Amino acid sequence: MTALQVIELFAGTNADGEPVVERLQVRVNEDDSCQLVRSPAFIKGIASGDTIKVNKDNQEFELLKRSGNLAIRVFCRGDSTALSDQLTPQLEKLGGELDMESPRLLVYSIHVSCGFENIEKILNSACDGANSVWYYGNVYDPQDGQTPLNWWQDILKPE
């Protein structure tokens, strides 16, 4: 088993227009590609288990292979502990994992085969839209935020 390493990827720009990087734990493969250990909080388009190739010059990446995991980000106005206590056991029952927990943010990874409907029902029952909202991190085009990427269609196709 390869040791975990930390990479930095470009995550966008802040309100002052300065670049923001997110540090992610990865397993580095022999071909220098990286497999994500957890879903990122701010970088769109990738999730836990995905394999990426990092351009060290600009900290951008190319997605090589999807794991089939959905990245789910839950943002909270207040402390996220109560929300985590409610969501985490339900998502874990479906095989999901809590990848990151901070006072105002939860990040989960869960396989797409659990079903969008099941996952969304759990999230919608816990997030009220005013004090907490959730978003998929790798379902929609990172540019427009609306166009479905549809990468899951091959994974969910009947054999």
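This note goes through strands, a helix, aromatic rings, pockets and two loop residues in a predicted model.

1. Basis of the note. The model is predicted, and local features need pLDDT of at least 70, side-chain atom pairs count only at pLDDT 80 or more, and totals for chains, interfaces and linings use all residues. Residues are numbered from 1 along each chain as its sequence is written, and side-chain values use heavy atoms, with hydrogens and water left out.

2. Strand 6. Helices (H or I, at least four residues) and strands (E, at least two) are DSSP runs, numbered from the N terminus, and a residue is called buried under 20% relative accessible area, exposed over 50% and partly exposed in between, with a 1.4 Å probe and protein chains only. Strand 6 covers residues 69–76, and 7 of its 8 residues are buried, so the rest of the structure largely encloses it. Two strands are said to pair if DSSP finds at least two bridges between them. Strand 6 runs antiparallel to strand 8 (residues 105–111), to which 7 bridges join it, and here Asn 69 stands opposite His 111. Strand 6 is also joined by 5 bridges to strand 9 (residues 132–136), again in the antiparallel sense, with Cys 76 opposite Ser 132.

3. Strand 8 and its hairpin. Strand 8 is itself mostly covered, since 6 of its 7 residues are buried. Besides its bridges to strand 6, strand 8 pairs with strand 7 (residues 97–102) in the antiparallel sense over 5 bridges, among them one between Glu 97 and Ser 109. The connection from strand 7 to strand 8 is a hairpin through 2 residues.

4. Helix 2. Which residues of helix 2 are buried? They are Ile 119, Ile 122, Leu 123 and Ala 126. Seen down the helix axis, the buried residues of helix 2 fall within an arc of 95 degrees, so they line one face of the helix; the arc is that of the directions from the axis to the C-beta atoms. Glu 117 and Lys 121 are exposed on the other side of helix 2. As general background, an α-helix has 3.6 residues a turn, so residues three or four places apart point the same way.

5. Aromatic rings. Rings of Phe, Tyr and Trp (its six-membered ring) count as a pair if their centres lie within 6.5 Å, with planes under 30 degrees apart called stacked, over 60 edge-to-face and the rest tilted. The structure holds 5 such aromatic pairs. In one of them, Phe 116 and Trp 152 have ring centres 5.1 Å apart and planes at 70 degrees, so this pair is edge-to-face. Phe 116 belongs to helix 2 (residues 116–126) and Trp 152 to helix 3 (residues 152–156), so the pair ties together parts that are 36 residues apart in sequence. Trp 152 is buried, at a relative accessible area of 10%. Ring pairs link Phe 116, Trp 134, Tyr 136, Trp 151 and Trp 152 into a cluster.

6. The largest pocket. A pocket is an open set of points on a 1 Å grid over the protein atoms alone, where a 1.4 Å probe fits, with protein on both sides within 12 Å along at least five of seven lines, and its lining residues have an atom within 4 Å of a point. The largest pocket has a volume of about 330 Å³, a volume being the space filled by probe spheres set on the points, which are joined across faces, edges and corners. Its lining includes Phe 10, Phe 42, Lys 44, Glu 60 and Pro 142. Strand 1 (4–13) and strand 5 (60–65) are the elements that give two or more residues to this lining, and strand 1 gives the most, with 3 residues.

7. The second largest pocket. The second largest pocket has a volume of about 160 Å³. Strand 9 gives the most to its lining, with 3 residues, and the lining residues include Lys 44, Arg 73, Trp 134, Tyr 136 and Asp 141. Lys 44 is thus named in the linings of both pockets.

8. Two loop residues with positive phi. Most residues other than glycine have a negative phi. Asp 32, in the loop between strand 2 (19–28) and strand 3 (34–36), has a positive phi near 75 degrees, and Asp 32 is partly exposed, with a relative accessible area of 41%. Asn 150, in the loop between strand 9 and helix 3, has a positive phi near 60 degrees and is partly exposed, at 35% relative accessible area.
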